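The exercises below are meant for a reader who is meeting this structure for the first time. Please work through each task before reading its solution.

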Amino acid sequence: MKKLLSLLLACLMLAGVCGAYADEALEPVTLRVWFHGSTVTPDASEKVMAEVNAYLADKINVTIEPIWGTWGDFDQATTTALAGGDEVDIYFTCNWSANEYNKYARDGYWVKLDDMLDAYAPELKAAIPEGIWECAITNGYDGMGIYGVPALKDTATQNCWDVNGTLLAELGYDVDAVCEAGLDYYSDEFEEMLQAAKDAKGGDFYPLLIEPAVLERMVTHSSIITGDLNGANVLSYYYDAEHPSADIGSTIVNKFGTDEFAKFAARTYEFSQKGFISPSCQSTATANDYRTATQATAEYLFGTQSYAFGCELDFSNARGIDVRMVPETAAYMDCTSGQGAMMAVSITSKNPERALMFLNLLNTDPTLMTMMNYGLEGFTYNTNDDGTITFIDDARATYSPWTNGMGNIRILPPTDAQGVGFWDSFSEYYNAAETLPYGGFIFDASEVETEGAALANVFAEYAFNLMSGAVDPAEVLPEFQAKLEEAGINEFVSAAQAQMDAYLAG
Amino acid sequence: MTKKKNLRLNSVSVGAEAVIHVILAAFSLCCIIPFIFVLIISFSSEDSIRAIGYSFTPLAWSTEAFSYAFDKLPQIWRSYFNSIFITVIGTVVSTLMCALYSYVLYRPDFRFRKFFNFFSFFTMIFGGGLVPTYIVCTQLLGLRENYAALIVPLLVNPFNIIIMRAFFKSSVPLELIEAATIDGSGEYNTLFRIVAPIAKPGVATVALLNALAFWNEWYLSLLYIKRNKILQPLQALLMELQNNVQYLNQMAGQMGASAINEAAKMPSQSLRMVLVVLIVVPIACAYPFFQRYIVAGLAVGSVKG
Amino acid sequence: MVRKPAQTRRPRGRWLDRNKKTLVLMTMAAPAAIWLLLLRYLPMGGIVLAFKDYKVNPRNPSFISNLIHSKWVGLKNFAFLFKTNDAWIMFRNTIAYNVVFIILGIIIPVALAIMMNEITKKHVAKAYQTLMFFPYFLSWVVVSYFLNAFLDAQYGMLPAAQRAAGEAVTNWYTTKGPWPFIIVFANLWKNVGYTTVLYLAAITSIDTNLYEAAAIDGATKWQQVRYVTLPHLRTIISILFIMNVGKIFNADFGLFYNVPMQNGALFPVTQVIDTYVYRAFMVTGDISLSSAAGLLQNVLGFICILGANAIVTKIDADSSLF
């Protein structure tokens, strides 16, 4: 591998074609690329890929064989393919599903890209901001380095209150003033507004529509430590809500052992007892269905939302009400958002350098990105005079890869719904996000795997009920705490903190 | 002896039979009600479900979820074909292999009977796990992106072998085999002409179990059919849609505004039940075919053979 | 694949003649035997995963080379199962539920099969039997939604009835008490129809002349059941019993994961080995952990199966599994 690499590098240097690789010397190769979250029918794929491959043949003499991974089957199918050493060149990867970027980098599944990026993908290297590359650096099999290409998408996190402005106005509040002042979960005003909605709409109406884990992070201003237990976060790091990059002397702590958490759980339980939170929100299995349904019917006053740029307009249209997003925290960037969607080159790839050339083109060439993401003009969309596009809904339904998962989506043409100039404001918003004090830190939990496995089960037993207000924290929290300690939370936290200290020192 | 006469001669009293009817009817009702419930929900409007939850008496009826499913699944008829094809071929071949192997185990005069018995039984307890099996299938046997990948990995089930052997043992007297051998009947002839017809209920039961296994299979498609998705069986196709819907519901926040909107538009709750209806109805229709043989000898006094 | 008969110096033709029967029977066993060898025995090498820290060998990233390349870690992969004092709860739950399932799972289907056999109207019996099979078609996820329609705190029919009657509303998903019964009932409901078919098929293959002879000898219906039907079912009952004992450390994941709607408050009565391992796997993504847990379950199950088989052999050698 290394030998091949240096040989190729040497060849390139000699030929003096650093960056300009589009010469006739390229052999034709086929690349298998595994995408994520796609809804693509075989017919549509064939049609689009014929054009894509014709285009690619001219550019880099590559043929793409896509594997259209879907949302649910992806975790198991990909992990099996990876462990089984399937011949796939490029995998989608990220840090929020079983297809964990950092873990697979550590275990040797991804090719380290640092040197190759400069040689084969210089435009790509330049197109992605330094801060995002920072997040891609992980402690992989061949040492610290970049093992995947991050997608330039919605790369920041901002927790907002999702406010039903229409209802708030009905209750006699000045919506603009309330939104301007911001909302405080612990304030009396917050409770009064909920009570007013409850009184006005009756006993079956539950004004507080929550996603418990999001609510907890939002209210306590804690971030997700990348590498914490996937879907069962037990670590907290408190940041400054107004200036997320400010160092306020935080350390990694046991999420459930702090005063902040106790206060949050007590408040949530209080709201639950007052009938502000639906019992359906308090059952893991029904919570998601209920939330989607209730948002659609606008039967809520306050909700929680991890902000996506421009979503208040979409929501207002979809729900037929005036949806306001009231920030609880400023937008911040960390590895959780930075690693939200990536493409990694598999160690089984026979042509890693060509895979990178493809990724380079995909992320910098609007024609290719548009074809891959939106399909073909006249088939899945039409272009309007102002440069926006309008989807042809029936055809688009047969060819919808996950837009944000493909790569640099900021080079796509805006849709008619987004409007001219959308991507500029999009970039402006996300580029303004501050980075948390721990920057690109990634926790490697493999040394405390036994603890992690036990903690995940203790978490499943207590955390959701506490965070949704279903049980009384005065009774349950001490019991939960004792079990966490038995499962090794202290070892888990100190391992994370030690790694963070080392990271910040080095 | 006529059937009628025999029936009254040797059967439980009318009172006892009435009690039996009550018990069986009550249990049967218990079993079918959930399916009726599923049917009702699949035809309920999503608004009704959002307003009052799942209910036997929805506020409004709708076929919205069915049209959504058919819209989202242009491949559905091809997948129906795939499922039927796989189920038919798979059932025939697997039942045949099972009958052959079980027959050998049933023969007490077979020298390696004990060895072969343990050879299959042991795999019921121990297995190599998912990844090693996946590697053998894809790299050694070439089972990927083809129909064989959806059939071969399910062909043998040690449980069925043991069941079939038990049926042979309890219904076919050994003397019959000896007599057949003396008459010059070859082993294959004895199995297919003498043993199998007598053990028909057993063979039909195993065939039914096999058919269900093939019909319900989706995991193999998930593992082995990635690029050639035109081969996806129905169950896998439905599973995929279901998973997409579930993920959109669950993670819409992570996927941007367009995903949240998509999630809001889906009839996700009635859709779940529509998918059940689509997969259950065909196999439920095929059920009586197997049942004919299983229940053939049912009720005391029916004439055998 | 199969042990070759001891070396023989006799002429080939005569050897073939003498072993003709064995050879023919072996051709019958061959298809399934080859299948088992390739798809079951060959992958068993993967069992060593349970004792390894699986990592890729970048020099040669194939599974076998990775496996050899990975470090031995002894019993480390098993440690997570015993990390907390709650371990015994999941072992207890797994075994206790399985014991109940095994006992009731024999008595009820046998009783139903016998009853069905006594029904004089054959088409009615057929109808019952078809209906009983329906639960088998429904996945546990669907069953869980059905149950939820009754128990859901907001929309459920039982809480609605309680509200209508002015009583305090029970939150079923955080009240442990009724769940052992719900779980047992759900399991029986789903599997009884399926097992009944097996017993029914065994009963229908009983030679009816036996009943007629018994009736002529003056045997009552009970006596016929006792002396004709049950002895005939003995083989299949023993076999199903032994096989279920072998799975006593394996729980039906779908039942225990989906039906209680994954509510943590119910863990003391619903957490089983398989749900614990699943949650551990979801956060670690480590195939070595699930391999280790699976191996432990299988070894313990194998020991139990040997015990059960020995007991059955003692009682009735004909009904043993091997």
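**Exercise 1: A glycine in a loop**

C:Gly45 touches B:Gly128 and B:Pro132, leaving aside residues up to four places away in sequence. The model is predicted, and the predictor gives the complex an ipTM of 0.88 and a pTM of 0.88.

Task: Find where C:Gly45 is placed in chain C, and decide whether C:Gly45 is buried, partly exposed or exposed.

Solution. Step one is to locate the residue along its chain: C:Gly45 is in the loop between helix H2 (20-41) and strand S1 (52-53) of chain C. Step two is to take the count of neighbours, which is 15 other C-beta atoms within 10 Å of C:Gly45. Step three is to compare this count with the cut-offs, where 20 or more would be buried and 12 or fewer exposed, so C:Gly45 is partly exposed. As a further check on its surroundings, C:Gly45 and C:Pro260 are 215 residues apart in sequence, and their C-alpha atoms are 36 Å apart in space.

**Exercise 2: Where chain C meets its partners**

Task: Work out how many residues of chain C are in contact with chain B, and which element of chain C gives the largest share.

Solution. Begin with the totals: 80 residues of chain C are in contact with 82 residues of chain B. Eight helices of chain C each supply at least two residues of the side that touches chain B, among them H2, helix H4 (87-117) and helix H14 (287-315). The largest share of this side, 13 residues, comes from H2(C). Sorted by class, the side of chain C that touches chain B has 53 nonpolar, 19 polar and eight charged residues. As for confidence, the mean pLDDT of chain C is 87, and 96% of its residues reach 70 or more.

Task: Now do the same for the side of chain A that touches chain C, asking which helix gives the most.

Solution. Here 44 residues of chain A are in contact with 35 residues of chain C. Helix H3 (74-83), helix H13 (284-297), helix H20 (449-467) and helix H21 (473-487) of chain A are the elements that give two or more residues to this side. H20(A) gives the most, with 13 residues. By class, the residues of the side of chain A that touches chain C divide into 19 nonpolar, 17 polar and eight charged.

**Exercise 3: Strands of chain A**

Task: Establish which way the residues of strand S16 (residues 342-345) of chain A point, and how S16(A) is joined to strand S4 (residues 90-93) of chain A.

Solution. In a regular strand the side chains alternate between the two faces of the sheet. A:Met342 and A:Ala344 point one way from S16(A), while A:Met343 and A:Val345 point the other way, and all are buried. Four bridges join S4(A) to S16(A), and these strands run antiparallel; A:Thr93 stands opposite A:Met342. Strand S7 (residues 149-150) of chain A is also joined to S16(A), by two bridges in the antiparallel sense, and A:Pro150 stands opposite A:Met342.

Task: Identify the edge strands of the open sheet S10-S11-S12 in chain A.

Solution. The three strands follow the order S10-S11-S12, with antiparallel pairing. Strand S10 (222-223) and strand S12 (253-254) of chain A are the edge strands, since each pairs on one side only. S10(A) and strand S11 (residues 235-238) of chain A pair over two bridges, and the bridge partner of A:Ser223 in S11(A) is A:Tyr237.

Note on methods:
Residues are numbered from 1 along each chain as its sequence is written. Chains are lettered from A and ligands numbered from 1 in the order in which they are written. Two residues are in contact if their C-beta atoms, placed from the backbone, lie within 7 Å. Ala, Val, Leu, Ile, Met, Phe, Trp, Tyr, Cys and Pro count as nonpolar, Asp, Glu, Lys and Arg as charged, and the others, Gly among them, as polar. pLDDT is the predictor's confidence in each residue, from 0 to 100. Two strands pair if DSSP finds at least two bridges between them.
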